[in-house]
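Thanks for making the time, everyone. I would like to walk you through one model this morning, and I will try to keep the description close to what can be computed from its atoms.

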There are 4 protein chains.
Amino acid sequence: MTQPPDAPSPDAMSVDAISLDAMSVDELRAQIPKIFAPWIVALGLDPVHAEAGLLRLTLPVTPALVHVGGVMCGQASMAAADTAMVLLMLRELGEFRPMTTVQLQSTFVRPVSGTSCTIEARLLRRGRKLAFGRIDLFDEQGRLAVQATTTYALL
Amino acid sequence: MTQPPDAPSPDAMSVDAISLDAMSVDELRAQIPKIFAPWIVALGLDPVHAEAGLLRLTLPVTPALVHVGGVMCGQASMAAADTAMVLLMLRELGEFRPMTTVQLQSTFVRPVSGTSCTIEARLLRRGRKLAFGRIDLFDEQGRLAVQATTTYALL
Amino acid sequence: MTQPPDAPSPDAMSVDAISLDAMSVDELRAQIPKIFAPWIVALGLDPVHAEAGLLRLTLPVTPALVHVGGVMCGQASMAAADTAMVLLMLRELGEFRPMTTVQLQSTFVRPVSGTSCTIEARLLRRGRKLAFGRIDLFDEQGRLAVQATTTYALL
Amino acid sequence: MTQPPDAPSPDAMSVDAISLDAMSVDELRAQIPKIFAPWIVALGLDPVHAEAGLLRLTLPVTPALVHVGGVMCGQASMAAADTAMVLLMLRELGEFRPMTTVQLQSTFVRPVSGTSCTIEARLLRRGRKLAFGRIDLFDEQGRLAVQATTTYALL
């Protein structure tokens, strides 16, 4: 049983209806140490581009993130995906509102080596209570390395 | 950013607080043609046991569900998982309420052959707005064949 | 522990290296009754466009697929996603080879009403043993309704 | 198209056929700094119990893992789940073998507060090439807080 007709579909709140005073990447960067756990702040995620429904960040592949196999640990990819989506939601909402990750699914398409990677978080839909996103992580050569999909509940 | 302290946790609505007049398996069986699409009714899912937070069903592995490889198609497993969880929710709620599947993840652990399989749907948690479930599909030898996890939104 | 350096990365088999004699949509259409279970054939999925790494299909939203809520059942979306990906793999491989769905994750972004919907299956990566895909289902208005990610094992 | 009959099902390698000299929790603990990235080692995951197909660990909920909402960040839960499963696989295999996380799906059932939590990783099936697991994270009161399912490829 899926998706009855009265499911949340407030088109007035869709991705297009972005707040005119959406946060800049500098403002997002300043929020990181305020809202995330220190262990997440340590990742060094850096927002570099934002537009309606999209946030791009870079993640340095530091030695702290590399495991015995010589590549970035998958746990860092998952953490970066979730963090990127929270930042995108923050930008879309224009303020910090309580929200909770309902689920996050990650698929590891290829290993990540090199010195940095790029994360793109996309808002697929924002309803009144739920938001849906997709996050792609690209390696230094621009190849898709991890793809995640996620659902957030707005509280 | 996950799970702030004000996340929904109404323990009064937890799995334990099941309605005293929960539906019997006969009542659930009678609901199937009323709420599901004809293509789903055709699966022949049959509720055989219910208790608080758990519903067990059988699914006949008919020729209509078998693909060229000679085993039950995975699509039937996914459909059965979702359907089982909706029936369990119906029982837990004691009435039909609009709900929507937010996500369903299936992992295919081993192929399903034989003439029938067994599905167990478990309610992991029911909050005010969201419910979480796990569904296991066992083959005729009782081995886990498919494991699914799912999230529902109560509308 | 994720993605050691010796993970499968045969670039010679990447999406770009598509067989020159890839199947046409007519050839794919002819394969459907041969490889899928009758219950899946009954969906009426129709391949309409193919290119390297992408297959587009239409799915008629017949009354058999509509549940009490008046919209297409989510189970049909999941089944269509898996089926679409198998057909795309068939085209990419140029022949039927045994494969198995390892996992499929679906997120239900909005309900599907109307008389038909469109499915796009994309091959994210094909390694020697594993293939990764993403499937988007769009409603009649072209809005994303379901997003699925999936992993296949080539046997 | 799922699970053809020739899917990997080497029952001789099933969970029951555990090596007689499976690693102790002390041996597993000693492996942690050798195989995981420093950022993961910093989590302080501690194996406390192991039996065939099951590994139990504790995770201290230190201030470094707590976000502005006052609860443990979900990213730590996901990282712990993946790490726990790798350790369980290591124990089951009796030696370190290259493996890669194919996918990991996490569902966040309730927030995690308190001073520690418990993780249980279960091996659902181990084939020749793929292994399937489920990981449950319980809060200090023993309530299910996060449920993850995952697939690993043995290289």
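I will go from the fold of one chain to the sheet, then to the helices, and end with the charged side chains.

What you see is a predicted model, and I would ask you to keep that in mind throughout. Let me begin with chain A, whose secondary structure comes to three helices and six strands, arranged from the N terminus on as α-α-β-β-α-β-β-β-β. Chain A has 155 residues, of which 63% count as buried. If we take the contacts in chain A between residues at least 6 apart in sequence, 63% of them join residues at least 24 apart.

Now to the sheet. In which order do the 12 strands of the open sheet run? Starting from chain A, the order is S1(A)-S2(A)-S4(A)-S5(A)-S6(A)-S3(A), and it continues into chain D as S3(D)-S6(D)-S5(D)-S4(D)-S2(D)-S1(D), with antiparallel pairing. The edges are held by S1 of chain A, residues 46-51, and by S1 of chain D, and since each has a single partner strand, one side of each is left without a neighbour in the sheet. On average, and ignoring direction, neighbouring strands here are turned by 20° against each other. As a reminder, strands of a sheet pair through backbone hydrogen bonds, either parallel or antiparallel. Within chain D, S5(D) and S6(D), the latter covering residues 144-154, run antiparallel and are joined by nine bridges, and in this region Asp136(D) stands opposite Gln147(D) of S6(D). Packed on the sheet is H3(D), which touches S3 of chain A as well as S1, S2, S3, S4, S5 and S6 of chain D, and whose direction makes about 50° with that of S4(D).

Let me turn to the first helix, looking at chain A and then at chain D. H1(A) lies across S1 and S2 of chain A and runs at about 140° to S1(A). One residue of this helix, which spans residues 25-35, is Leu28(A), and its relative accessible area is 0%, so it is buried. What does Leu28(A) touch, leaving out residues up to four places away in sequence? The list is Met23(A), Pro47(A), Leu55(A), Leu87(A), Leu90(A) and Arg91(A). Of these, Leu87(A) is 59 residues away along the chain, and yet its C-alpha atom is separated from that of Leu28(A) by 6.8 Å.

In chain D, the buried residues of H1 are Val25(D), Leu28(D), Gln31(D), Ile32(D) and Ile35(D). Seen down the axis of H1(D), these fall within an arc of 120°, and therefore they line one face of the helix. Pro33(D) and Lys34(D), on the other side, are exposed. The cover over the buried residues includes helices H2 and H3 and strands S1 and S2 of chain D.

Finally, the charged side chains. Side chains of opposite charge can pair when their charged atoms come close, and over all chains the count comes to 28 salt bridges. In chain B, Arg134(B) and Asp136(B) form one at 3.1 Å from N to O, and both of these residues are buried. In chain C, Asp139(C) and Arg143(C) have their closest N and O atoms 3.0 Å apart; here Asp139(C) is buried at 4% relative accessibility, whereas Arg143(C), at 31%, is partly exposed.

Chain D offers a further case, in which Arg122(D) meets Asp136(D) at 3.7 Å. Because Arg122(D) lies in S4 and Asp136(D) in S5 of chain D, this pair ties together parts that are 14 residues apart in sequence. Arg122(D) is partly exposed at 27%, while Asp136(D) is buried at 5%. In chain A, salt bridges with shared partners join Arg56(A), Glu120(A), Arg122(A), Arg134(A) and Asp136(A) into one network.

The last residue I want to show is Arg134(D), which is found in S5 of chain D and is buried, at 10% relative accessibility. A polar contact of 3.1 Å joins its side chain to that of Asp136(D). Where else does Arg134(D) make contacts? Among the residues it touches are Arg134(B) and Gln147(B) of chain B, and Met85(D), Glu120(D), Arg122(D) and Gln147(D) of chain D.

Definitions and conventions. Residues numbered from 1 in each chain as written. Chains lettered and ligands numbered in written order. Predicted model: local features only at pLDDT ≥ 70, side-chain atom pairs only at ≥ 80, totals over all residues. Heavy atoms only, no water. Salt bridge = Lys/Arg side-chain N within 4 Å of Asp/Glu carboxyl O. Buried < 20%, exposed > 50% of the residue type's maximum accessible area, 1.4 Å probe, protein only. Helix = DSSP H or I, 4+ residues; strand = E, 2+ residues; numbered from the N terminus. Contact = heavy atoms within 4.5 Å. Arc of directions from axis to C-beta. Polar contact = N/O pair within 3.5 Å; in protein donor to acceptor, adjacent residues only side chain to side chain. Pairing = 2+ DSSP bridges. Axes fitted to C-alpha atoms, helices over the stretch in contact; angles between N-to-C directions.
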